[in-house]
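The following note is offered to a colleague who is beginning to read structural models. Please keep the sequence and the structure in view while working through the numbered points.

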Amino acid sequence: MNLRRDVFQAIADPTRRSILLLVASQAMTAGAIAANFNSARPTVSKHIQILTECELLHQAQVGREVYYQLNLEKMKDIADFIEPFRQMWDARFNSLENLMKQHKKS
Amino acid sequence: MELKTKVQAEPGRQEIFITRQFDLPVDLIFRAYTEADLLAQWMGTKVIKLENERHGSWQIETSDPNGNVVFKANGVIHEIVTDSKITRTFEMENTGFPIQLEYLTFESTSAETCLLTVHTIFKSVADRDNLLKMPFAFGLSMAHDRLQNLFKN
């Protein structure tokens, strides 16, 4: 067994799912990823390490920086399609709520 | 922290439930669904037609920044009860997706909060799963394009 960790165990964690969604839109450095979380930097680094170990993230050297990117092939194996769908609706409903809060005030 | 928006999609079933808790009275949320200018604003689309009555129809159209129409949808309203429910069909034009049936339920949970449930019925389990995958697939293809651009330079 080359894989030290199970992919589905890796994506069961909400922070790690958030990391995957972050790098889905752009390749990011560990620092840029960590800036999106309240957790301590080493905690986020540990999550990145786990995702890298189970090949969900690839590392790419760009100049002096290491960027983390989504491993698209591996991601295709995962059936966790619901979270992006949920986030899409969450964003729409947030717009609805913000809009109607303005109407409530006026 | 509890999520305000939840999606329930049991494996092997041709339906989904989307629920959302709002920090607003139920009548404001119902208005957001039934007043064309409000619907247009939060959905980010153009509302061509919205007839809030039994056997009334609705039609929306979304354009890209260049004005090209990229998405069109329409349907018929079967039931509408103010601040309580809307039952309607939903057809995405030119996509190959069969028409969906939507049951929207608006429930007041307090004077200042409410719960919206969108229960959608699909023609088949495969159709449901394909629709659920759309934002995921879109995210992946965007990620792919961005990566290609990043490493081309």
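1. Read from its start to its end, chain A follows the pattern α-α-α-α-β-β-α-α. Its secondary structure therefore amounts to six helices and two strands. The coordinates come from a predicted model, and the points below should be read with that in mind.

2. Confidence deserves attention before any detail. The average pLDDT of chain A is 82, and 83% of its residues score at least 70. Among the elements of this chain, helix α3 (residues 30–34) of chain A has the highest mean pLDDT, 93, whereas helix α1 (residues 7–12) of chain A has the lowest, 67. Over residues 1–5 of chain A the pLDDT stays under 50; for this stretch the model has nine contacts beyond four places in sequence.

3. How much of chain A is buried? Of its 106 residues, 43% are buried. As for contacts in chain A between residues at least 6 apart in sequence, 55% of them join residues at least 24 apart.

4. Helix α6 (residues 82–105) of chain A merits a separate look. The helix α6(A) contains 24 residues and spans 35 Å from its first C-alpha to its last, close to the 34 Å expected at 1.5 Å a residue. Its buried residues include A:F85, A:W89, A:F93, A:L96 and A:M100. An α-helix has 3.6 residues a turn, so residues three or four places apart point the same way. The student may wish to follow the buried positions of α6(A) along the helix with this rule in mind; A:D90 and A:E97 are also among them.

5. Which element of chain A do the buried residues of α2(B) pack against? They pack against α6 of chain A, together with α1 (26–34) and β3 (46–50) of chain B. The buried residues in helix α2 (residues 36–43) of chain B are B:L38, B:L39, B:A40 and B:W42. After α2(B) comes B:G44, which has a positive phi near 65°.

6. Salt bridges provide a further theme, and the structure holds ten over all chains. In one of them, the side chains of B:K4 and A:E97 meet at 2.7 Å, N to O. This pair crosses between chains: B:K4 lies in the segment before β1 (5–8) of chain B, and A:E97 lies in helix α6 (residues 82–105) of chain A. Their surroundings can be stated as well. B:K4 counts as partly exposed because its relative accessibility is 30%, whereas A:E97 counts as buried because its relative accessible area is 5%. The salt bridges also link A:D90, A:E97, B:K4, B:R20 and B:D23 in a network.

7. Two other salt bridges lie in chain B. B:R13 forms one with B:E15, the closest N and O atoms being 2.9 Å apart. Is B:E15 buried or exposed? With a relative accessible area of 15%, B:E15 is buried, while B:R13 is partly exposed at 44%. The side chains of B:R128 and B:D129 meet in another salt bridge, at 3.0 Å from N to O. Here B:R128 is buried, with a relative accessible area of 3%, and B:D129 is partly exposed, with 25%.

8. Strand β6 (residues 85–92) of chain B is mostly covered, six of its eight residues being buried. Strand β5 (residues 69–81) of chain B runs antiparallel to β6(B), and six bridges join the two. Within this pairing, B:V81 has B:K85 as its bridge partner. The strands β5(B) and β6(B) form a hairpin with three residues between them, and B:D83 in the turn has a positive phi of about 60°. Six bridges also join β6(B) to β7(B), again in an antiparallel arrangement. In that pairing B:F90 stands opposite B:Q100 in β7(B).

9. The final point concerns a single residue, B:E102, in strand β7 (residues 100–110) of chain B. B:E102 counts as buried because its relative accessibility is 7%. Which side chain does B:E102 join in a polar contact of 2.7 Å? The partner is the side chain of B:R88. Leaving aside neighbours within four places in sequence, B:E102 is in contact with B:I86, B:T87, B:R88, B:F90, B:H119 and B:T120.

Methods
Residues are numbered from 1 along each chain as its sequence is written. Chains are lettered from A and ligands numbered from 1 in the order in which they are written. This is a predicted model: local features need pLDDT of at least 70, side-chain atom pairs count only at pLDDT 80 or more; totals for chains, interfaces and linings use all residues. Side-chain values use heavy atoms; hydrogens and water are left out. pLDDT is the predictor's confidence in each residue, from 0 to 100. Helices (H or I, at least four residues) and strands (E, at least two) are DSSP runs, numbered from the N terminus. Contact means heavy atoms within 4.5 Å. A salt bridge is a side-chain nitrogen of Lys or Arg within 4 Å of a carboxyl oxygen of Asp or Glu. Buried means under 20% relative accessible area, exposed over 50%, partly exposed in between (1.4 Å probe, protein chains only). The expected span of a helix is 1.5 Å times one less than its number of residues. A polar contact is a pair of N or O atoms within 3.5 Å; within protein, one must be able to donate a hydrogen and the other to accept it, and residues adjacent in sequence count only if both atoms are side-chain atoms. Two strands pair if DSSP finds at least two bridges between them.
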